[in-house]
Each structure stands twice: as structure tokens, then as C-alpha cells.
Amino acid sequence: MTTDLSAANMDKGPPPQAVVSAQNLSLTFGTNDGPVHALSDVNLTIAKGEFVSFIGPSGCGKTTFLRTIADLEQPSSGTLSINGMTPRQARETRAYGYVFQAPALYPWRTIEKNVALPLEIMGYPKAEQAQRIARTMELVNLAGFEQKFPWQLSGGMQQRASIARALAFDADLLLMDEPFGALDEIVRDHLNSELLKLWAATNKTICFVTHSIPEAVYLSTKIVVMSPRPGRVTDVIESTLPKERPLDIRETPEFLAIAARVRDGLRAGHSYEDVV
Amino acid sequence: MSQLQYYLALVAGGLCAAGLALSFATPLETALVLKAFLALGFLSLLRFTLPLGLWADGAVAALGAVAVLAGLAALDPAPPFFWMALIATWLFAWLFVERLAAAIRAGRATGFGMLIPLVFGVSILLFWEVVTRGTHVPQVILPPPSQVWTRLIASLPTLWADFQQTFLKAVLAGYIMGCAAGFAVAILVDRSPFLKAGLLPTGNFVSALPIIGIAPIMVMWFGFDWQSKAAVVVAMTFFPMLVNTVSGLNAASSIERDLMRTYAANYWQTLFKLRLPAAAPFIFNALKINSTLALIGAIVAEFFGTPIVGMGFRISTEVGRLNIDLVWAEIAMAAVAGSAFYGVIALVERSVTFWHPSVRGRA
Ligand SMILES: Nc1ncnc2c1ncn2[C@@H]1O[C@H](COP(=O)(O)OP(=O)(O)OP(=O)(O)O)[C@@H](O)[C@H]1O
Ligand SMILES: [Mg+2]
């Protein structure tokens, strides 16, 4: 796994095994007030085992890119392949788990039953369902809330339940759209390090949308900076931080240097807007 | 004490005082209970110096009801103080309900919530009884409730036969078939955008028609017995169920559907695990609307030809024979059956759609 990463970090030659590969990907929404170029000419390769953060101002197409990977939106032009398959084939082989920007829990199901939903659909036996539910609920610190209904939980707890639901069936690719946006700093720190642990232990590939520069730098092996109108990738930063990341790595000069580069990338995106 | 309670107490007590004064014109022994009530009501004015519990008002109102009913027989024609006693009784009942409602709101009398509609209903019956008998309203115009009740008890076998014919056969059979058909067609239509585009406007159009007009035609098609009434009920309940279920099936939000897509769930999994649960509030809405429509449909359809049994048949023939008390007995039975039908569906709805924001808050 470490070799995987160093190969990706060197940024030379084709990655060993591309999980997501986008070439000249564009997506335009036709709306009543004319076309919206949500993605324009995006080129990006994500290798197996990478942790990629997407950061950029609101409306720059982060959600749209994740949804296109998930086959929830169709690209207007360009190609996109997931594990060497089309997004549709990938979806049908249940290649990814998706954490939406909103929890999207079904109100008629208890938290436990919500986490069980993908397992029921994918036909896991009852005993294994129970065991997976217990494990993921533990992971997101929701043990004891199994029998509650979503509306009886706080917004942050609901979001954690939706993370548990995406983790329950162990997809190799995780698409997470601002999963920790609604959480307080402390829980966020905790879940960040839990997520890193999970990632290190499972060699999953993670695409992670966030608005927080420290979060992006702390978690990622690769940070994709995007800018709006039209949505495009302005910078791809390979992290030089070691794989082992205690929370206080955030005070090191190396960390701050990467954060500064992300910030510059975001600023550049904004000033582009003023020119137009 | 709120301003409303203050004036209610004042006027009720004042009326009792005036009534008591007027009642001295009659011999002492006539309508003794009524006089006792007036005296007590007068004494209740003491509440402005001594606090009086809300149950005291309830007791005075109950005594008033008994006194007025008893006085009805003794005093004929009814003198002015009798009507004053009736109004005072009514005011005491109102005052009692006001105070009880306030106490319940303040959490001091929980568990008595059912008493309020009960007092309300009894007050209306009392008023109806006393006015019809006290002013000798002809029984063809409006019989007193006591007469309707006696008639109801006396004609139980007839009523039971009518209930079986109209409710247990026509209404239930038609309701179940109409709702089931509307539901099934909605599921089929939902899969075809073409049918959805064509059938929904038609459905909305037909829902707005007075379908009851087809009753004579149904009699020609299906004969005089309950089958033709059930057919009318089917026609009346089908479209509300169809239209509601189709919109219910679209009630799931796009993010909830996207979730199912990411799991590559098939059509039936999405239907049973997402779309039908999300549609439940709409489906129950149709079931409730239809419970009322079905009863109306079956009763009115019987006006257009029927064997010599059935609630609608009885109403139309007994009106002709000026047996208005039996007509009212049928209406009372229809009201009870209809409310019970609706109530059962509403109870099931609560347990099924407990998660819906409109049900969630309530215990
Ligand atoms: N279904 C749609 N129809 C039309 N336009 C859309 C649609 N979805 C997104 N857009 C537009 O595409 C652009 C990118 O939207 P997207 O949701 O990807 O932004 P985002 O980067 O996720 O923003 P945020 O950080 O606020 O979540 C926006 O301008 C948005 O208005
Ligand atoms: Mg977004």
C-alpha cells in the first residue's frame, strides 16, 4: 500500500491501477436561464488507495463531479471510467458507497434499519447484517441509538448514521460529499482520525468533498482545487505528509506549507471570477 | 378568570335570579327541581366573593339539564322562566367547558379531554329536545331526540337489516374493490409515462364529476340488489385512490431515490422499500376520503331503485310516509357507522405513518 502511495506521489507515469479516470470531462446543465457549465474539461486520475479531497467555492461542481462518478449525472462530453468500467457498470456492480451532502435517512426506518437498507437490498444474510450494523454503528459512535428514528436525532448524528450506512457494505470506493459539515470541531477531529484509520486499514479509495482547508490537508494524499463558472480543476496538490498522521501534525511547517498552497489555489480561482 | 368566563358567570347567575323571581308566580310545589336549580344558579353569583371550583359549574349545569327535562312535563305551556332556565343551563355548560379547557391547557386536569366534546354533544341534544317539545314543533318538521331514540330501539331489526344490506354489502364490497383497483391501476400507470400523462387528467376530471348520477345506469347493468350500489361505490372511490396513489408514488425526494440508485436497487425493491412507504400518507388520505364517499354513494344510489331493504331505501320511503323519526334513526345510524369507519382508518393511519411530520408530534 505504501508503494502505491509513493508511486502516486511521484506523479510520474500512469498510476498502477486507476480507480477513477476522467478525460476532458464536461457537464452542462440546461436550465431556463441558459446552460450552466458545472464541469468543464476535467482531467483527473485517482489511483487505488488514494485519499482525494475536493475543495473549492460553493457551486464549482464538486457535488456534480461526485455524482457523475456515481452515475447519477451523465457527462455531456469526455470520458469517465471507474475501475476500467463505465460509471453505469460500476454502479451496477456496487463499486462505491455514497455519503450525500444531506443525510437522506428514511424517516419510517429506525437508525439501525436505515443502516441495514443497503444490506437488505444487496441480499446479505440476517446474521451478517446484524454484525455489520453493530460494527459500523460503533465506528461512528452511534451505539445505543439503534432503535431511534432519524427525526429523534440531531443533525450531526443523522449525518453520522448516513456515514455508517455507506460503510456498512464495504465498497472499495467511498464518495463522501461534505460528510462532516454539520459536526462540531471535536467530533469532526475524532471522525477525521477514525476515517484515516479505516482508510489505512482497508486500502479503500476515498473521494472527499470539504470546505475546510485543514481538513483537506490533514486527510488527503491528493487535494483537488476547483473553481467555478465554468467548474474546472485549477490545481492538483500531492501531499508530502507521511501516511501516519497524528492530530498535531497540523502544527508542522510542512502541513502549513501545503495549506498555504491550497489557499493560494482557491484565491486564484476567485480572482479569475473578477476578471470575467 | 378570563373576561369571557367572567361574563358567562355573571349572565348565567343573573338569568337564574330573574327566573327565580318570575317563578314565584306559580304554586310552590310545581317544578320544584327547576326552582332548586334557579336558586342554586342564583347562589353561584357568590363566586365573585368566594372561589367556586369548575366541577361545581359542571354539577350546576347537569342539575339544570335534569331540571329542565323534568320541568318540560310539568309546565305546559312553558313560561318565560323555563326558557331562562334552559339558557342558564346552557351558559353553565359553556362556562364549565371553558374552565375545563383552560385547566387542561394548564395541565391541571389531564385525562378529561373527552369530556369537552361530550358536554358539547349533550348540550345540543338537550337544546333540541327541549325546544322541539317545549314549542310543540310538528314531528314531521323535527322530532325530539327522545322520540328518535325510542323509535330506534323499537325498530332495531329493521335497522339491522338495512345496515347489513347497505353497509356490510354495498359499502364494504364497493370500497374494497374500488380502493384496491385504484391502487393497482396506479402502480401499473406509474410505470408508463404515456398512461400517466393520459389517465391522470382524466382521473382528475372524473373525480370532479357527480358520479352519483350513474346510479340508475348501474341499476340497469347490475340489477336492483346491492351489486349495483357496490358498482356506484367502486366508481366513486376508484379515481380518488388512483390520483392520490400516483402522486404519492412521486412523493419520495430525489435524494432518497438517488440513494436507491447508488445501491443498484431494482424496481420492486425501490417500490417496496422507498416509494410505497413514502406514499402511505397519500394512500391513507384517499382511504379516508373514500370512506365518506362510499357511504354517501351507497345511500343515495338506493334512492334509484332497490329491493325493499337498505338505508337509502328506508330514508326515501319513510319520508314519503311521514315517519320522520325513523328517517332520523337511519341518519343517526349512518352517522355512527360512518364515524366508526373513518375512525378505524384514522387509527390504522396513525400507526402506519407515525413517522410523518403531521403525526409525529402527537402522542
Ligand atoms: N440538477 C441541476 N440542474 C441545473 N443546474 C445544476 C444542477 N445541479 C447543479 N447545478 C449547477 O451546477 C453548478 C455546480 O453545482 P454543485 O452542486 O456541483 O456545486 P458544489 O461545488 O457541490 O457546491 P457546494 O459547495 O455549495 O455544495 C452550480 O452552479 C449549480 O447551480
Ligand atoms: Mg455540493
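Two exercises with worked solutions follow, both on a predicted model.

**Exercise 1. Describe the interface of chain A and chain B: how much area is buried, and which residues of chain A lose the most?**

Step 1. Chain A and chain B bury about 2,200 Å² between them, and 67% of this area is on carbon and sulfur atoms. On the side of chain A, the residues that lose the most area to chain B are Tyr106(A), Trp108(A) and Ile121(A), which together account for 33% of what that side buries.

Step 2. Counted by residues, the contact draws 26 from chain A and 18 from chain B.

Step 3. For the polar part, eight residue pairs are in polar contact across the interface, and the count of salt bridges between the two chains is three. One of the salt bridges joins the side chains of Arg67(A) and Asp258(B), with an N to O distance of 2.8 Å.

Step 4. The elements of chain A that give two or more residues to this side are α3 (87-92), β5 (96-99) and α4 (111-121), with α4(A) giving the most, namely four residues. By class, the residues of this side divide into 17 nonpolar, eight charged and one polar.

**Exercise 2. Which protein atoms are donors of the magnesium ion (ligand 2), and are their residues buried or exposed?**

Step 1. The protein donors are OG1 of Thr63(A) and OE1 of Gln101(A), which lie 1.8 to 2.4 Å from the ion.

Step 2. Because Thr63(A) belongs to helix α2 (residues 62-69) and Gln101(A) to the loop between β5 and α4 of chain A, the pair ties together parts that are 38 residues apart in sequence.

Step 3. Partly exposed means between 20% and 50% relative accessible area, so Thr63(A), at 25%, is partly exposed, and Gln101(A), at 42%, also counts as partly exposed.

Notes:
Residues numbered from 1 in each chain as written. Chains lettered and ligands numbered in written order. Predicted model: local features only at pLDDT ≥ 70, side-chain atom pairs only at ≥ 80, totals over all residues. Heavy atoms only, no water. Contact = heavy atoms within 4.5 Å. Buried area = accessible area lost by both parts, 1.4 Å probe. Salt bridge = Lys/Arg side-chain N within 4 Å of Asp/Glu carboxyl O. Polar contact = N/O pair within 3.5 Å; in protein donor to acceptor, adjacent residues only side chain to side chain. Nonpolar A, V, L, I, M, F, W, Y, C, P; charged D, E, K, R; others polar. Donors = N, O, S within 2.8 Å, 3.2 Å for Na, K, Ca; no water. Buried < 20%, exposed > 50% of the residue type's maximum accessible area, 1.4 Å probe, protein only.
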